[in-house]
Amino acid sequence: MTTSRPAEFEDEKLVTLAQKGQREAFEVLVERYKQKAYRIAFDFTRDREEAKDLSQEAFLRAFTHLQSFDLRAGFYTWFYRILVNLCLDYRRRRGRIAWESFDEKTHMAGGQSEMAGAISSPDREAMSGEISRRVGEALQALPAKQRTAFILKNHQGLSIHDIAKVMQSAEGTIKVHLHRAVATLRQKLAELV
Amino acid sequence: MAQDNDLIRRACKEFEQDLVLYYYGERGREESKELENHLEGCGSCRQFLADLRRLLPLTVKPDDPPQPFWENYSKEMQERLAAIAQRGRWWRDLASLFRPWPVPALATALVLILALTLTFGKRIWRSQDLPPDEEAVLEILPMAENLDFFKAMDLLDSMDLLEDTGGPGNGSV
């Protein structure tokens with residue numbers, strides 16, 4: 001019997017324990033990745049409850065298919081692929097999402113969503129709902145693969161290498177998707193700000 | 001709009017993708033140095049990079065749910081995982097019936113039962129169901145029914161014979 005705390009175990013060990021039936025080991029993985037999982041789901045859904053459901057569903061799928069997980073692959077990458085696929089399915093099911101409603105929701109939820117890395121200049125402070133809506137629309141208008149690559153890089157900070165694994169594409173392809181997404185967004189947003 | 005687009009200067013075509021990757025820190029030291037050298041002498045690329053630094057943060061809107069949300073999240077996950085584990089245990093119990101050794105054993109037992117049933121069953125059932133004399137009656141009854149049939153057949157044969165002997169075209173008159 002080991003004296004180490006499961007919370008300190010590496011992913012690989014936790015997965016092995018979970019594969020042997022120790023559910024608590026998987027719960028440690030949930031605790032470790034729940035916030036990241038939620039945030040990536042939120043980037044796709046722009047809805048708190050939907051993001052919670054999707055990220056939880058991803059964990060449950062991972063748990064259900066844990067026996068088929070190859071330990072040579074990283075749990076994080078494998079799990080994120082499940083999550084991103086669920087998010088993409090969600091978008092396909094839901095069709096167009098009213099991104100503007102997100103702004104209303106977040107403002108109503110306390111308005112504490114400060115732009116990441118934004119400078120709190122008076123111009124930024126005064127950025128209207130209209131601009132925020134247009135930002136959402138610009139993201140929404142991107143082709144699915146470009147948007148996915150962009151969200152994983154820009155919002156989640158995944159490396160190109162990891163994005164390629166998650167999206168099961170070549171790194172060169174991801175770079176092209178990212179470049180096109182950024183160039184399009186720059187074009188659209190520069191007109192606004 | 002076209003006028004607006006014209007105002008947005010494009011970066012050098014051969015450097016644009018590198019600038020995006022540079023912005024995200026995805027260029028190596030040597031590549032970055034090369035790019036930085038280019039940026040020193042290229043206003044369009046400098047502008048492009050400045051635009052990325054100014055505009056891309058605007059696309060991020062992180063949501064920061066309160067602590068009770070996360071507590072609820074964990075609690076729900078524990079419950080749902082427990083439910084799946086419970087269901088999995090039930091399936092495992094069921095699946096254990098179909099593990100390699102019970103399957104041939106069960107099949108052999110079934111074949112034996114079937115063989116014994118076919119071999120001895122008929123005799124056993126007969127002797128148990130009816131007494132011997134009643135069984136004999138049951139065997140004779142269909143034969144008796146057949147007798148009526150044979151009688152009718154004999155009658156038809158007799159009629160045919162009558163026609164053959166008494167008919168106009170037989171040349172016997």
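Start by selecting E163(B): with 55% relative accessibility, this residue counts as exposed, because the cut-off for exposed is over 50%. Keep in mind on this tour that the model is predicted. E163(B) sits in helix α7 of chain B, which covers residues 132–166.

Now add some company. Select D154(B), D157(B), D160(B) and D164(B) along with E163(B), and you have a patch of negative charge on the surface.

Stay in chain B and pick M153(B), L155(B), L156(B) and M159(B). Together they make a nonpolar surface patch of about 390 Å². Click on L156(B) in particular: this residue also belongs to helix α7 of chain B. Is L156(B) buried or exposed? Neither label fits: its relative accessible area is 48%, so L156(B) counts as partly exposed.

Zoom out and color chain B by secondary structure. How many helices and strands does chain B have? You'll find seven helices and zero strands, and reading from the N terminus the order is simply α-α-α-α-α-α-α. Switch on the surface and you are looking at about 13200 Å² of accessible area for chain B, with 61% of it belonging to carbon and sulfur atoms. Of the 173 residues in chain B, 23% are buried. If you take the contacts in chain B with a separation of 6 or more, 50% of them link residues 24 or more positions apart.

Next, hop over to chain A and select A41(A), which lies in helix α2, residues 23–45. Its relative accessibility is 0%, so A41(A) counts as buried. What does A41(A) touch, leaving out residues up to four places away in sequence? Show R46(A), A51(A), L54(A), S55(A), L83(A) and C87(A), and you have its contacts. Then try a distance from A41(A) to K52(A): eleven residues separate them in sequence, and their C-alpha atoms are 7.5 Å apart.

Time to hunt for charged pairs. Side chains of opposite charge can pair when their charged atoms come close. The whole structure, over all chains, holds 17 salt bridges. Here are some to visit.

Still in helix α2 of chain A, select R23(A) and E27(A). Their side chains meet in a salt bridge, 3.4 Å from N to O. The two residues are four apart in this helix, so about one helical turn separates them. R23(A) is partly exposed at 23% relative accessibility, whereas E27(A) is buried at 16%.

Move along to E31(A) and K34(A). This salt bridge has its closest N and O atoms 3.0 Å apart. Both residues are in helix α2 of chain A, three residues apart, which is about one turn of the helix. Check the surface here too: E31(A) is partly exposed, at 40% relative accessibility, while K34(A) is buried, with just 6% relative accessible area.

For another pair, go to helix α3 of chain A, residues 48–64, where R61(A) and E57(A) lie four residues apart, about one turn of the helix. Their side chains form a salt bridge of 3.5 Å, N to O. Both R61(A), at 37% relative accessibility, and E57(A), at 27%, count as partly exposed.

As a last stop, select E49(A), K52(A) and E76(B). Salt bridges that share partners join these three into one network.

Methods. Residues are numbered from 1 along each chain as its sequence is written. Chains are lettered from A and ligands numbered from 1 in the order in which they are written. This is a predicted model: local features need pLDDT of at least 70, side-chain atom pairs count only at pLDDT 80 or more; totals for chains, interfaces and linings use all residues. Side-chain values use heavy atoms; hydrogens and water are left out. Buried means under 20% relative accessible area, exposed over 50%, partly exposed in between (1.4 Å probe, protein chains only). Contact means heavy atoms within 4.5 Å. Patches are made of residues with over 30% relative accessible area and no salt bridge: like charges are joined within 9 Å, nonpolar side chains (Val, Leu, Ile, Met, Phe, Trp, Tyr) within 5 Å. Accessible areas come from the Shrake-Rupley method with a 1.4 Å probe; for residues, only the protein chains shown count as cover. A salt bridge is a side-chain nitrogen of Lys or Arg within 4 Å of a carboxyl oxygen of Asp or Glu. Lys and Arg count as positive and Asp and Glu as negative; His and the chain ends are not counted. The place of a charge is taken as NZ of Lys, CZ of Arg, CG of Asp or CD of Glu.
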